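Trainee: I would like a close look at a single part of this model. Please take me through the nonpolar cores and whatever stands out beside them.

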Amino acid sequence: MKVKYLGMMFLASFIGIMFNPELLAASDSVAILDLEQANVVETVVEKPIAPAKVVAPAAPKAGVVNVAVVQTVTMAQKTAEAPKTAANQVKFSWGTQNLILANDTSVDAGMSVMKYGRLLWAHNNTAFNNIKSLKIGDTFAVTINGVTQQYKVAANPIDQTAGVALEKKSATTLFHASKGEINMSALTDWGFGGHDLVLMTCAGAGNTHRFVVVAVQI
C-alpha cells in the first residue's frame, strides 16, 4: 500500500516538473526582505556643471569718456596747436612780401619777390614798389625755411648811395657809364661787391634800367 502511495507521489511530481520547467531555472534577481529603511542610503548621480557664461563689458554710459580717447584727443589738439613754420618772406617797414626761391633770374616775379643766389628781384609796382625810398642803415628781414635773418642797407659800390640805376643791356648783362658792362652773376654770386643781398627792380621809361640796392646781414 505504501509502495503504491509513493509511486503515485513520484509520478505526480514528475508530471508537475514537466509542465512547469521554470521551477528548476536559476534567477538573477535576489529578493531582499526585511531591509531596514533607516539604514538605506540613496545614491545620487551628480549632473555636470555648465560652464560659466562670459559677460561682455557694458557699454560706457553717456558722459563717461574712455581714458585712451582723452589721450588721443589731447595729442590731436597739441598737434593742431603746434606753431606752423613761417612762410618764406621779405618783411619791410611798409609791409611783408611773399618770397619764392627760383632756379635762375629769368623767372617773372609776378606779385612776389624772387630769389636766386644773393639776388632778390620784384616788380616796382608790386612787392618792390618802395625800395627806391630805402636809405643807408634801413633794415629789413628775410625768412627762408622758417629761419629769419636781419639785413641793413649799405652803400652801393658805384656811387656810394643807397641805390643806383643800371642800364639793362640783355637778360644777363647790365651797364653803367663809369663801370662798363656788369654781368648778372656779379649780383647773384658776388653780391655786387661782396654784399650779402642785392635788391633789384625795374626803373626808367619802358623799364630800360634796373634799380639796385645792396645790403649786409646784421
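Mentor: Keep in mind that this is a predicted model. Start with the largest nonpolar core, which has 21 residues. Leu120, Phe140 and Leu199 have the most contacts inside it. Five elements are listed as giving two or more residues to this core: strand E1 (89–92), strand E5 (139–144), strand E6 (147–154), strand E10 (197–203) and strand E11 (209–217).

Now there is a second, separate core, of 18 residues. Leu119, Trp121, Ala154 and Phe192 are among its members.

Go back to Phe140 for its surroundings. Set aside its neighbours within four places in sequence. Phe140 then contacts Val90, Lys91 and Phe92. It also contacts Gln149, Gln150, Tyr151 and Val153. Leu197, Leu199 and Ala215 complete the list.

Next, look at Phe192 from the second core. Phe192 sits in helix H4, residues 191–194. Its relative accessibility is 6%, so Phe192 counts as buried, the cut-off being under 20%. Its backbone deserves a check too. Phi of Phe192 is near 55°, a positive value in a residue other than glycine. Most residues other than glycine have a negative phi.

Asn207 also has a positive phi, about 55°, and is not a glycine. Its setting is the loop between E10 and E11. Both of those strands give two or more residues to the largest core. Asn207 has 38% relative accessibility, so it counts as partly exposed. Put the two side by side: Phe192 is buried, whereas Asn207 is partly exposed.

Notes
Residues numbered from 1 in each chain as written. Predicted model: local features only at pLDDT ≥ 70, side-chain atom pairs only at ≥ 80, totals over all residues. Heavy atoms only, no water. Core = buried A, V, L, I, M, F, W, Y, C linked by side-chain atoms within 4.5 Å. Buried < 20%, exposed > 50% of the residue type's maximum accessible area, 1.4 Å probe, protein only. Helix = DSSP H or I, 4+ residues; strand = E, 2+ residues; numbered from the N terminus. Contact = heavy atoms within 4.5 Å.
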